[in-house]
Structure formats: structure tokens, C-alpha cells
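Me: Please take me through one part of this model closely. I would like a connected account, not a list.

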Amino acid sequence: MPATEKDLADDAPWKKIQQNTFTRWCNEHLKGVNKRVADLQLDLSDGLRLIALLEVLSQKKMYRKYHARPTFRQMKLENVSVALEFLDRENIKLVSIGECCDVFCFPVWRKFIQSV
């Protein structure tokens with residue numbers, strides 16, 4: 001069944017539900033390290049909360065250093081790269097739910113990747 005234009009819109013109800021659910025899930029795990037996500041796109045864009053989330057979930061530290069206070073876009077991208085490299089080294093595959101074949105089809109992640 002083809003998706004309707006309404007289902008694909010950025011403000012589609014299912015996308016908002018998905019975003020809110022993922023935000024609450026992140027916050028539940030991050031509360032142990034006194035971090036919080038309010039806006040996924042903004043708060044994950046420097047890589048710091050993403051790194052914190054991965055460290056909490058895996059109970060391991062990152063394999064290499066990252067920028068604790070990223071001020072430039074390049075520093076933020078490097079932090080995200082550290083997180084993605086960690087996932088790769090831990091053999092954790094990024095998958096999405098739905099018809100798309102990779103994580104970048106997941107609307108929240110697509111916005112996150114575009115914002116970095």
C-alpha cells in the first residue's frame with residue numbers, strides 16, 4: 001500500500017509519537033548520568049548526549065577521546081563519528097522499523113544527521 005502524502009509529512013501524527021517515545025526512552029536512560037534530551041535534533045547534534053546514552057546502555061566507555069565542549073561543526077561531527085565507531089566496534093547494527101533499509105530513513109535520525 002503506497003504511503004499517502006499526509007503520512008509522509010514532517011508533522012504526521014505517527015512521527016510525533018515516535019519522536020516523543022524515543023525522547024522519553026533516552027531520558028529514562030540518561031537520568032542516571034544527570035543528562036536530559038528535550039529536542040532530539042538539537043540535543044543529539046553535538047554527539048555528547050549520544051555518547052552518554054551509548055555509555056549508559058553498554059556500560060562501557062568510548063574507545064577514543066571526544067570533544068567535551070564542541071564549539072565548531074567539525075568537533076560535533078567528530079563526536080558523532082566517535083559514537084558511530086563505537087557502535088561499529090561493538091558489532092551493533094543500525095536498523096530501522098518500517099519499509100526503509102537503514103537508520104537514515106527513520107525520521108528522527110534523518111533530521112539529526114542533517115542537523116550535524
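How many helices and how many strands does the secondary structure of the chain come to? Then concentrate on helix 4: which residues of helix 4 meet helix 5, and which residues of helix 5 do they meet? Which residues of helix 4 are buried?

Reply: A caution before the details: this is a predicted model. The chain has six helices and zero strands. Read along the sequence, the pattern is α-α-α-α-α-α. The chain has 116 residues, and 33% of them count as buried. Take contacts between residues at least 6 apart in sequence: 46% of these join residues at least 24 apart.

Now the approach to helix 4. Upstream, asparagine 34 sits in the loop between helix 2 (13-30) and helix 3. Its phi is near 55 degrees, a positive value in a residue other than glycine. Asparagine 34 counts as exposed because its relative accessibility is 74%, and the cut-off for exposed is over 50%.

The next loop runs between helix 3 (40-43) and helix 4, and serine 45 is found there. Serine 45 has 11% relative accessibility, so it counts as buried. Its side chain reaches back to the backbone oxygen of leucine 42, at 2.8 Å.

Glycine 47 is also found in the loop between helix 3 and helix 4. Its relative accessibility is 0%, so glycine 47 is buried. What does glycine 47 touch, leaving aside its neighbours within four places in sequence? The partners are Asn79 and Val80. Glycine 47 and tyrosine 66 are 19 residues apart in sequence, with 8.9 Å between their C-alpha atoms.

Helix 4 itself covers residues 48-58, and helix 5 covers residues 73-89. Two numbers describe how a pair of packed helices sits: the angle between the axes and the distance between them. For helix 4 and helix 5, the axes come within 8 Å and cross at roughly 25 degrees. Angles under 35 degrees count as roughly parallel, so helix 4 is roughly parallel to helix 5. The crossing is left-handed.

Here are the residues that meet. Helix 4 supplies Leu48, Leu50, Ile51, Leu54 and Ser58. Helix 5 supplies Asn79, Val82, Ala83, Phe86 and Leu87. By class, this contact has eight nonpolar residues, two polar and no charged. Asn79 appears twice in this account: it meets helix 4, and it is also in contact with glycine 47.

Helix 2 is another partner of helix 4. Their axes come within 9 Å and cross at roughly 65 degrees. This crossing is left-handed too. Trp25, Cys26, His29 and Leu30 make the contact from helix 2. Arg49, Ala52, Leu53, Val56 and Leu57 make it from helix 4. Seven of these residues are nonpolar, one is polar and one is charged.

That leaves burial. The buried residues of helix 4 are Leu48, Leu50, Ile51, Ala52, Leu53, Leu54 and Glu55. Set this beside the two contacts. Leu48, Leu50, Ile51 and Leu54 are buried, and they meet helix 5. Ala52 and Leu53 are buried, and they take part in the contact with helix 2. Just after helix 4, glutamine 59 takes a positive phi of about 60 degrees.

Helix 5 deserves a last look. Glutamate 85 lies in helix 5. It counts as partly exposed because its relative accessibility is 27%, between the 20% and 50% cut-offs. Its C-alpha is 9.0 Å from that of methionine 62, and the two are 23 residues apart along the chain. Arginine 89 lies in helix 5 as well. With a relative accessible area of 49%, arginine 89 is partly exposed. The C-alpha atoms of arginine 89 and tyrosine 63 are separated by 8.8 Å, with their positions 26 residues apart along the chain.

Beyond helix 5, asparagine 91 lies in the loop that leads to helix 6 (107-115). Its phi is near 60 degrees, again a positive value in a residue other than glycine. At 58% relative accessibility, asparagine 91 counts as exposed.

Terms used
Residues numbered from 1 in each chain as written. Predicted model: local features only at pLDDT ≥ 70, side-chain atom pairs only at ≥ 80, totals over all residues. Heavy atoms only, no water. Axes fitted to C-alpha atoms, helices over the stretch in contact; angles between N-to-C directions. Helix = DSSP H or I, 4+ residues; strand = E, 2+ residues; numbered from the N terminus. Parallel < 35°, antiparallel > 145°, perpendicular 65-115°, else oblique. Left-handed = near helix turned anticlockwise from the far one by under 90°. Contact = heavy atoms within 4.5 Å. Nonpolar A, V, L, I, M, F, W, Y, C, P; charged D, E, K, R; others polar. Buried < 20%, exposed > 50% of the residue type's maximum accessible area, 1.4 Å probe, protein only. Polar contact = N/O pair within 3.5 Å; in protein donor to acceptor, adjacent residues only side chain to side chain.
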